[in-house]
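Subject: Handing over a structure, with notes

Dear colleague,

I am passing on the structure we spoke of, and I would be glad if you would look through it with the notes below at your side.

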Amino acid sequence: RASKGIGTPLSVLAKCLPSDIRLRPFPHVVIRQALDPSLYDELAAGFPPYDPARGGALKSNRYSWYPSHQALRERRLSETWLEFIQYHVSRRFFHEILNAFEGSAEEMLRHTSKTLELRSCTTAPRFSKQRGDVALDCQLVTCSPVVATPSRSRGPHIDREVALFAGLLYFRMAGDDSYGGDLVLYRESPSGGCLTFDDQNHVPDHAVEEAVVIPYEANTLVMFLNSPRYVHGVSPRHPTRFPRNHVNF
């Protein structure tokens, strides 16, 4: 499907090739320049600023989320943004994900009934009044500027048990000369012992080691499956006046 205003594919997976599927340390996709430049530029120009009302008081390295159900209900974003969000909570996009990870589809069933046929599932925006077998989100996320000392917005962790997959599309601002904020994919440390998790699904630093670092670069997509072994996190960000912007799938 093409955007009415842009005339280019909306999907962040439109350019996905078999060579973009990487298996180590676990199945993931990295696509640089994921969106057509004209579409990306239009979306970037309309990316909303950090909103303390959603993320709490303006503290250092604090997340603010604008979920799809809220964006579609309020309709404050541009028509292109609304089309983009609507597509990425659709059944068609869910099938794109299944196709991309077809060789690792069994991982997506780890926390679901083994009899569940994912391709027959209905979809709906997460937290909306609509109901579907799979709840999808395409939420705009801003992490506030870092003040005084370097910090991590999220250390090594796994996603919640209900998550089948996760994706990030970076919207790094023009002129952002900050350091850090990269996505880190971890492997288990040979000397770390068994993985243990706290009540937020965090993993001790000594239990893992960095395997892959995907830089925080504009128009870069990262997508990966969720599993109890698929540990990831965000590298420390150094003091900066710039926020860290991305879309979370």
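What follows goes through the sheet, two of its strands, the pockets, the aromatic residues and two single residues.

Please keep in mind throughout that this is a predicted model.

The sheet is a good place to begin. Seven strands make up an open sheet, in the order β1-β2-β10-β7-β12-β6-β3, and the pairing is antiparallel. At its edges are β1 (21-22) and β3, each of which pairs on one side only. Starting from β1, a hairpin of five connecting residues leads into β2, and these two strands pair in the antiparallel sense over two bridges, with arginine 22 standing opposite histidine 28 of β2. Strand β2, which covers residues 28-32, is in turn paired with β10 over five bridges, again in the antiparallel sense. Within that pairing, histidine 28 has phenylalanine 224 of β10 as its bridge partner, while arginine 32 has threonine 220 of β10. Because four of the five residues of β2 are buried, this strand is largely enclosed by the rest of the structure.

Strand β7, residues 165-170, deserves a closer look. How many of its six residues are buried? Six of the six are, so that the strand is mostly covered. In a regular strand the side chains alternate between the two faces of the sheet. In β7, Phe165, Gly167 and Leu169 point one way, whereas Ala166, Leu168 and Tyr170 point the other way, and all of them are buried. Five bridges link β7 to the antiparallel strand β10, residues 220-225, and there leucine 169 stands opposite leucine 221. Three bridges link β7 to β12, residues 244-248, which also runs antiparallel to it, and in this case leucine 168 has asparagine 248 as its bridge partner.

That asparagine leads on to the pockets. The largest pocket holds about 1100 Å³ of space. Its lining consists of 38 residues, and those that lie nearest its centre are Arg126, Asp159, Arg160, Ala163 and Asn248. Several strands contribute to the lining of this pocket, since β3 (63-66), β5 (134-136), β6 (139-143), β7, β11 (232-234) and β12 each supply at least two residues. Sorted by class, the lining has 21 nonpolar, nine polar and eight charged residues. The second largest pocket has a volume of about 180 Å³, and 12 residues line it, with Ala44, Phe47, Phe171, Met173 and Asn245 lying nearest its centre. Of the residues in this second lining, 10 are nonpolar, one is polar and one is charged.

Turning to the aromatic residues, the structure holds 12 aromatic pairs. One of them is formed by tryptophan 81 and phenylalanine 84, which meet edge-to-face, at 5.5 Å centre to centre and with 85 degrees between the planes. Both residues lie in helix α4 (residues 79-87), three residues apart, which is about one turn of the helix, and both tryptophan 81 and phenylalanine 84 are buried. They also belong to one aromatic cluster, formed by Tyr40, Phe47, Trp81, Phe84, Tyr87, Phe93, Phe171 and Phe249. Two members of that cluster, Phe47 and Phe171, are among the residues that lie nearest the centre of the second largest pocket. A contact of another kind brings arginine 244 over the face of tyrosine 216, at 5.5 Å from the ring centre.

Two single residues complete these notes. Leucine 82 is found in helix α4, and why does it count as buried? Its relative accessible area is 4%, and buried means under 20%. The C-alpha atoms of leucine 82 and serine 68 are separated by 8.8 Å, and the two residues are 14 residues apart along the chain. Glutamine 33, by comparison, has its place in the loop between β2 and α1 (37-45). This glutamine counts as partly exposed because its relative accessibility is 42%, and partly exposed is the range between the buried limit of 20% and the exposed limit of 50%. Glutamine 33 and glutamate 217 are 184 residues apart in sequence, yet 9.3 Å apart in space, C-alpha to C-alpha.

With kind regards

Methods
Residues numbered from 1 in each chain as written. Predicted model: local features only at pLDDT ≥ 70, side-chain atom pairs only at ≥ 80, totals over all residues. Heavy atoms only, no water. Buried < 20%, exposed > 50% of the residue type's maximum accessible area, 1.4 Å probe, protein only. Pairing = 2+ DSSP bridges. 1 Å grid on protein atoms, 1.4 Å probe; cavity = no way out; pocket = protein on both sides within 12 Å on 5 of 7 lines; lining within 4 Å. Points joined across faces, edges and corners; volume = space filled by probe spheres on them. Nonpolar A, V, L, I, M, F, W, Y, C, P; charged D, E, K, R; others polar. Phe/Tyr/Trp six-rings, centres within 6.5 Å; stacked < 30°, edge-to-face > 60°. Lys NZ or Arg CZ within 6 Å of the ring centre and 35° of its normal.
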